[in-house]
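Student: Please take me through one part of this model in detail. I would like a close look at the place where chain B and chain A meet.

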There are 4 protein chains.
Amino acid sequence: MTEKRLSYQVKYRVIYADTDKMGIAYHGNYLRWFEIGRSELFRSLGLTYKQIETRGNVYLPVLEAYCKYRAPAQYDDVLTIDTTLDRSVKGGMKFEYRIIGEDEQTIVAEGYTRHAFVDNQGRIVRPPGFLKELLDRFG
Amino acid sequence: MTEKRLSYQVKYRVIYADTDKMGIAYHGNYLRWFEIGRSELFRSLGLTYKQIETRGNVYLPVLEAYCKYRAPAQYDDVLTIDTTLDRSVKGGMKFEYRIIGEDEQTIVAEGYTRHAFVDNQGRIVRPPGFLKELLDRFG
Amino acid sequence: MTEKRLSYQVKYRVIYADTDKMGIAYHGNYLRWFEIGRSELFRSLGLTYKQIETRGNVYLPVLEAYCKYRAPAQYDDVLTIDTTLDRSVKGGMKFEYRIIGEDEQTIVAEGYTRHAFVDNQGRIVRPPGFLKELLDRFG
Amino acid sequence: MTEKRLSYQVKYRVIYADTDKMGIAYHGNYLRWFEIGRSELFRSLGLTYKQIETRGNVYLPVLEAYCKYRAPAQYDDVLTIDTTLDRSVKGGMKFEYRIIGEDEQTIVAEGYTRHAFVDNQGRIVRPPGFLKELLDRFG
């Protein structure tokens, strides 16, 4: 059922600062793009990650990050960051990402991040109620 | 046999620019530290990554990167980047990393990167002879 | 005469990676935003910086950069990057920037960058004809 | 009198992540190197910037940053970051930097940063006593 799919796409243009002397985007920058992807996915649901922190007093540090680089991203390319929330994960959150190239077809990279809910002391906590409710609405 | 183990340790001090508003090092920066680790491992073998590019006319783009974050790294911490070459991988290179905390005990993070050998057109090539010889010397 | 004014505004949203442990955007990142500003100014004129490099075989390295920080930029703020080309500068280019805050009023930062025209050996060259013509059209 | 001069030199090796598609270090990264310079100058005086924040409950945000780029820095170059505290500045701090190239002669870049003392609400405050005493000892 499509209503269960929590996905969002956002565009990002590669800048000079993102490139390296190989002439392509430095691999480390993809984790920044994953961040943009999941932030905008939250925003599309009507809840910003900033609100999760301020209203929920909860943080979502990254526990794991993985990226497979399939094709280089070039300077000035407009990439599509496609982010999906994996609803099967409990007690934390997992996001999956696809970075799609300027041609809107080529898979430039794929990956995921896993996150815990922690309080401001870094202790594992339950997700705030308003986040749980929001996600439950989507299946 | 210890002579078969291709490992190297290098120190890195976390700077302000590395931190984020959670007060700890931003997760994306660990891939920079992995880069420092494998560069210094090459250098310790008597061959710099720069020489691989200039003498071998070969590049080692990252195909895959993975990082598991076990404990936060704080501003001004001196981390140890421990890098090991996985000699079982053929037709490319795989490096494994451990980031060890200021106390020289805590595993802050663990991960790996996989690399291909490509020419300046991005085509897969064999490793340059001088690199192969060097690695063979270590088992 | 307003047609002489070469300005352009583009939006940028501050991400977690941009912040530091002071809780605000790290000062070094503003130079990235200046880059975005001048790239989009070029694009608004119908010429991309990428084209200057590829068609003109010319580069515009930064000779000087200055930034005055007037107010902090916070995580998730949508900033306006306002870029103006200073037409009085000959033999190179100078861009002036204002970073405007989320409220679209507060001046978060102001600065400039100066650039030379160089070839791929780093030697100073004249600007490519098509760039000169384009700029002349604006006074 | 040499005892009045508050200077310190620290080395930094340019990594791949620092470079851009022009094949040299991206200009924005120099502000990171300036940060390393002033941090290590503090440390050389027996006081870390971290201690200023934690013991003094005071922060030193950057008010102004300037950099003049004189020569490119290449991948794998070992740069010298030479930092001097300008003792003539009152009610804040000003640091001057020179980035010296791999050959230990070429001036790669020069610049400065100016800083205010603020509390955790961002209000201007006096420098903590222990910092003032330390600096007074040097003239």
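Tutor: Start at the rotation axis that relates the two chains in this predicted model. B:Tyr66 is the residue of chain B that comes closest to that axis, with its C-alpha at 2.2 Å. A turn of 180° lays chain B on chain A, with a shift of 0.0 Å along the axis. The RMSD of that superposition is 0.0 Å. Both copies use the same surface, since 100% of the contact residues of chain B recur in chain A.

Now the strands. Strand S2 of chain A, residues 62-69, is joined to S2(B) by five bridges. The two strands run antiparallel. Within this pairing, A:Cys67 stands opposite B:Ala65 of S2(B).

Next, the extent of the contact. Chain B puts 23 residues into it, and chain A puts in 23 residues. The size of an interface is often given as the accessible area lost when the parts come together. For chain B and chain A, the buried area is about 1,900 Å². Carbon and sulfur atoms account for 57% of that area.

Then the polar side. Ten residue pairs are in polar contact across the interface of chain B and chain A, both partners being at pLDDT 80 or more. Two salt bridges also cross the interface. In one of them, B:Glu53 pairs with A:Lys21. Their closest N and O atoms are 2.5 Å apart.

Which elements of chain B supply this face? Helix H1 (30-44), helix H2 (49-56) and strand S2 (62-69) of chain B each give two or more residues to the side that touches chain A. S2(B) gives the most, with eight residues. Sorted by class, the side of chain B that touches chain A has 14 nonpolar, two polar and seven charged residues.

One further copy is worth setting beside this. Chain C can also be laid on chain A, by a turn of 180° and a shift of 0.0 Å along the axis, with an RMSD of 0.0 Å. That is the relation of a two-fold axis. Here C:Tyr12 is the residue of chain C that comes closest to the axis, at 5.4 Å for its C-alpha. Again the same surface serves both copies, as 100% of the contact residues of chain C recur in chain A.

Methods
Residues are numbered from 1 along each chain as its sequence is written. Chains are lettered from A and ligands numbered from 1 in the order in which they are written. This is a predicted model: local features need pLDDT of at least 70, side-chain atom pairs count only at pLDDT 80 or more; totals for chains, interfaces and linings use all residues. Side-chain values use heavy atoms; hydrogens and water are left out. Contact means heavy atoms within 4.5 Å. Buried area is the accessible area (1.4 Å probe) that two parts lose on being put together, summed over both. A salt bridge is a side-chain nitrogen of Lys or Arg within 4 Å of a carboxyl oxygen of Asp or Glu. A polar contact is a pair of N or O atoms within 3.5 Å; within protein, one must be able to donate a hydrogen and the other to accept it, and residues adjacent in sequence count only if both atoms are side-chain atoms. Helices (H or I, at least four residues) and strands (E, at least two) are DSSP runs, numbered from the N terminus. Ala, Val, Leu, Ile, Met, Phe, Trp, Tyr, Cys and Pro count as nonpolar, Asp, Glu, Lys and Arg as charged, and the others, Gly among them, as polar. Two strands pair if DSSP finds at least two bridges between them. Copies are superposed by least squares on the C-alpha atoms of residues with pLDDT of at least 70 in both.
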